Amino acid sequence: MAATHFTMRSLLGLLFLLFVQLSSALKFDLSAVSGKNERCIRNFVFKDQLVVVTAIVSGNKGDGQVVNMHIKDALGNEHGRPKDIAGETRQAFTAPADTAFDVCFDNQLTTRHAIPNPYKSIELDVEIGADARDWSSIQVQEKLKPVETDLRRIEEMVAEIVSEMEYLRAREQKLRDTNESTNERVKWFAFGTMGMLVGLGAWQVVYLRAYFRSKHLI
């Protein structure tokens with residue numbers, strides 16, 4: 001009975017993690033301005049992971065608003081800069097290293113005619129790793145059943161979650177080692193400072209006693 005309870009709890013936890021990864025779509029409004037009005041959404045990706053960025057922008061081209069998209073990572077690499085996008089736009093890239101990347105949008109007002117409250121709605125979906133793969137194509141190529149495809153997809157997602165947990169564990173270990181090393185250095189620095197202060201105080205007492213004796217004050 002306890003084993004069954006543990007299995008169910010583990011399954012619910014796994015489904016929650018999968019739901020968190022699947023529900024990555026974001027929808028927001030971006031006002032049109034004459035100057036710079038960039039809005040960025042940041043994600044983290046591991047090395048060699050596939051990333052597919054899908055943006056659905058409302059409106060049409062030539063309506064006096066120009067929406068540009070810019071995908072860049074923290075290492076200075078650019079992974080796409082489509083201009084004047086409308087409707088659905090998709091960009092894909094493979095991460096060169098473990099890094100954060102930004103998906104940025106800006107909406108430029110290009111018409112001189114007065115438009116009340118000009119803005120465009122943007123729906124952004126960022127798929128990373130197993131989510132980004134074309135499972136329909138894989139199912140056809142490898143002649144998999146729908147259930148087998150789902151299990152294969154879940155297996156890869158679980159492997160990615162385990163990899164992320166291992167990465168976080170390694171980072172926590174590194175930070176803990178750094179913290180312990182810093183504490184050790186601070187401790188010896190404090191001891192050294194206290195020793196210097198005690199030595200300086202003793203030297204001052206000896207010096208003043210010798211000075212007062214030379215002046216026959218004591």
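Which residues does V103 touch, not counting residues up to four places away in sequence? In this predicted model, V103 is in contact with R39, C40, I41, V53, M69, H70, I71 and L124 once residues up to four places away in sequence are set aside. V103 also belongs to the largest nonpolar core, which comprises 21 residues, and V103 is listed there with V51, M69, F101, F105 and L124 among the residues that have the most contacts inside the core. Two or more residues of this core are supplied by each of the elements β1 (26-31), β2 (38-45), β3 (50-57), β4 (65-73), β7 (99-109) and β8 (119-128). A second core, separate from the largest one, consists of five residues, including A130, W135, I138 and M157.

Aromatic contacts were examined next. A search of the whole structure returns eight aromatic pairs. One of them is formed by F46 and Y167, whose rings are arranged edge-to-face, with a centre-to-centre distance of 5.1 Å and an angle of 85° between the planes. This pair connects distant parts of the chain, since F46 lies in the loop between β2 and β3 while Y167 belongs to helix α3, 121 residues apart. The two partners are assigned to separate accessibility classes: F46 has a relative accessible area of 13% and is therefore classed as buried, the limit being under 20%, whereas Y167, at 28% relative accessibility, counts as partly exposed. Ring pairs further join F46 and Y167 with F44 into a cluster.

Another edge-to-face pair is that of W188 and F191, for which the centres are 5.8 Å apart and the planes enclose an angle of 80°. Both W188 and F191 are located in helix α3, with a spacing of three residues, or about one turn of the helix. With a relative accessible area of 53%, W188 is exposed, because the class begins over 50%, while F191, for which the corresponding value is 46%, counts as partly exposed.

On the surface, a nonpolar patch is formed by L200, W203, Y207, L208, Y211, F212 and L217, which together present about 740 Å² of accessible area. Among these residues, F212 is placed in helix α3, which spans residues 146-214. The relative accessible area of F212 is 32%, so that F212 is classed as partly exposed, and this value also satisfies the requirement of over 30% relative accessible area that applies to members of a patch.

Key. Residues numbered from 1 in each chain as written. Predicted model: local features only at pLDDT ≥ 70, side-chain atom pairs only at ≥ 80, totals over all residues. Heavy atoms only, no water. Patch = residues over 30% accessible without salt bridge, like charges linked within 9 Å, V, L, I, M, F, W, Y side chains within 5 Å. Areas by Shrake-Rupley, 256 points an atom, 1.4 Å probe, with all protein chains shown as cover. Salt bridge = Lys/Arg side-chain N within 4 Å of Asp/Glu carboxyl O. Helix = DSSP H or I, 4+ residues; strand = E, 2+ residues; numbered from the N terminus. Buried < 20%, exposed > 50% of the residue type's maximum accessible area, 1.4 Å probe, protein only. Core = buried A, V, L, I, M, F, W, Y, C linked by side-chain atoms within 4.5 Å. Contact = heavy atoms within 4.5 Å. Phe/Tyr/Trp six-rings, centres within 6.5 Å; stacked < 30°, edge-to-face > 60°.
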